[in-house]
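Trainee: I've got a new protein open and no idea where to begin. Can you walk me through it?
Mentor: Sure, let's have a look together.

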Amino acid sequence: MFSRQKKNDTTLEQQVLQVQAGDEKLRQRLIEDYQPFIATSVSKVCKRYIDQKQDDEFSIGLIAFNEAIDSFQAGKGSSFFTFARLVISRKVIDYIRQQKHHRRMIPLEYSDDTNETYTDEKSVSELSKNQFIENEHAWNRQIEIEEYNEQLRKYNLSFAELVKFSPKHQDAKRQAQKIAKIIYEQPEIRQYVMEKKRLPIKKILPLVNVSKKTIERNRKYILAVFILLNEDFIYLKEYVKEV
């Protein structure tokens, strides 16, 4: 529904690059054509129907979509849809948090479990700010988890399977992560995995020092790590940062 293309069958990613090169008319057309996608992305964050004419959150989504066009990097491997959805989600979350923060009254006194009372307004403000930042990170992480779950489904994977099939030993887990990194760094193999949603084991074997059986046994975990490396997941990539 959201994949309208030009008559010459130019991909969306190619159109975004044309906009970055200076095609402002195309920018306006993309923003207009993909408003349903923007509204859907915003609705997912807000957990309610978004009116494109009345809701401020939709305006934030439009701005975020435009920013995604400017900052998208095709060479990173992720689709523009995935990248734009993440940018929209984070911007809308920021907006919602800011609105709640502005409406919230900061108390003049704050008591902790030690029954000490802090009357210093600066200290209370700092506590509120830290809590705000923690909540914001939690929201962003949750959005990434939901998006990651959607990506897993495209590969016929699920969180439940990852728990079941993840390597039990750390050495085996690190080895599988390294294989995923090798796949990600090979353009031809990376493209194959993105299109076919499976591992080309025969092409991988000459690049790694493990058996075919080992790759097959850890296939689902390798794919899951590959998805993390291939997409714009800022928070979830921390789980494989050693790679």
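Mentor: Let's start at the end of a helix: α9 is followed by K197, and the phi of K197 is positive, near 60 degrees. Keep in mind that this is a predicted model.

Trainee: Where does K197 sit, then?
Mentor: K197 is in the loop between α9 and α10. As for solvent, K197 counts as partly exposed because its relative accessibility is 29%.

Trainee: And which kind of residue is K197, given that positive phi?
Mentor: A residue other than glycine, with phi near 60 degrees. N156 is another case: its phi is also near 60 degrees and positive, and N156 is not a glycine either.

Trainee: Where do I find N156?
Mentor: Look in the loop between α6 (121-154) and α7 (159-165).

Trainee: Is N156 buried or exposed?
Mentor: Exposed, because its relative accessibility is 65%.

Trainee: Back to α9. Which of its residues are buried?
Mentor: Helix α9 covers residues 187-196, and its buried residues are I189, R190, Y192 and V193. They span an arc of only 160 degrees around the axis, so they lie on the same side of α9.

Trainee: Why would residues that aren't next to each other in sequence point the same way?
Mentor: An α-helix has 3.6 residues a turn, so residues three or four places apart point the same way.

Trainee: Ok, and what's on the other side of α9?
Mentor: There you'll find P187, E188 and E195, which are exposed.

Trainee: What do the buried ones pack against?
Mentor: Three helices: α8 (170-185), α10 (201-204) and α12 (219-230).

Trainee: What about R198, where is that?
Mentor: R198 is in the loop between α9 and α10. With 45% relative accessibility, R198 counts as partly exposed.

Trainee: Which residues does R198 touch?
Mentor: Setting aside residues up to four places away in sequence, R198 touches Y192, V193 and L223. Y192 and V193 are among the buried residues of α9 we just listed. Also, the C-alpha atoms of R198 and R219 are 8.5 Å apart, although 21 residues separate the two along the chain.

Trainee: You mentioned α12. Got a residue there I can click on?
Mentor: Try A224, which is in helix α12. A224 is buried, with a relative accessible area of 3%.

Trainee: Which residues is A224 in contact with?
Mentor: Leaving out neighbours within four places in sequence, A224 is in contact with Y148, L152, L157 and L162. Take Y148: A224 and Y148 are 76 residues apart in sequence, and their C-alpha atoms are 9.1 Å apart in space.

Trainee: Let me zoom out. How many helices and strands does the protein have?
Mentor: Twelve helices and two strands. Along the sequence the pattern reads α-α-α-α-α-β-β-α-α-α-α-α-α-α.

Trainee: What share of the protein is buried?
Mentor: Buried residues are 40% of the 243 residues. And of the contacts with a separation of 6 or more, 61% join residues 24 or more positions apart.

Trainee: New topic: how do α1 and α4 meet?
Mentor: Helix α1 is residues 12-20 and helix α4 is residues 56-71; their axes come within 8 Å and cross at roughly 85 degrees. That means α1 is roughly perpendicular to α4.

Trainee: Which residues make that contact?
Mentor: V16, V19 and Q20 from α1, with I69, D70 and S71 from α4. By class, that's three nonpolar, two polar and one charged.

Trainee: Does anything else join in there? What about R27, which residues is R27 in contact with?
Mentor: Not counting neighbours within four places in sequence, R27 is in contact with V19, N66, I69 and D70. R27 itself is in helix α2 (residues 24-33), and R27 counts as buried because its relative accessibility is 9%.

Trainee: Last thing: what does UniProt list for residues 56-69?
Mentor: An unreviewed UniProt entry lists "short sequence motif: Polymerase core binding" for them. In the model that span is 100% helix, and its end C-alpha atoms lie 20 Å apart.

Trainee: And what does UniProt place at residues 201-220?
Mentor: A "DNA-binding region", again from an unreviewed entry. That span is 60% helix and 0% strand, with its end C-alpha atoms 13 Å apart.

Conventions: Residues numbered from 1 in each chain as written. Predicted model: local features only at pLDDT ≥ 70, side-chain atom pairs only at ≥ 80, totals over all residues. Heavy atoms only, no water. Axes fitted to C-alpha atoms, helices over the stretch in contact; angles between N-to-C directions. Helix = DSSP H or I, 4+ residues; strand = E, 2+ residues; numbered from the N terminus. Parallel < 35°, antiparallel > 145°, perpendicular 65-115°, else oblique. Contact = heavy atoms within 4.5 Å. Nonpolar A, V, L, I, M, F, W, Y, C, P; charged D, E, K, R; others polar. Buried < 20%, exposed > 50% of the residue type's maximum accessible area, 1.4 Å probe, protein only. Arc of directions from axis to C-beta. UniProt positions renumbered as here; feature names shortened; annotations may be inferred.
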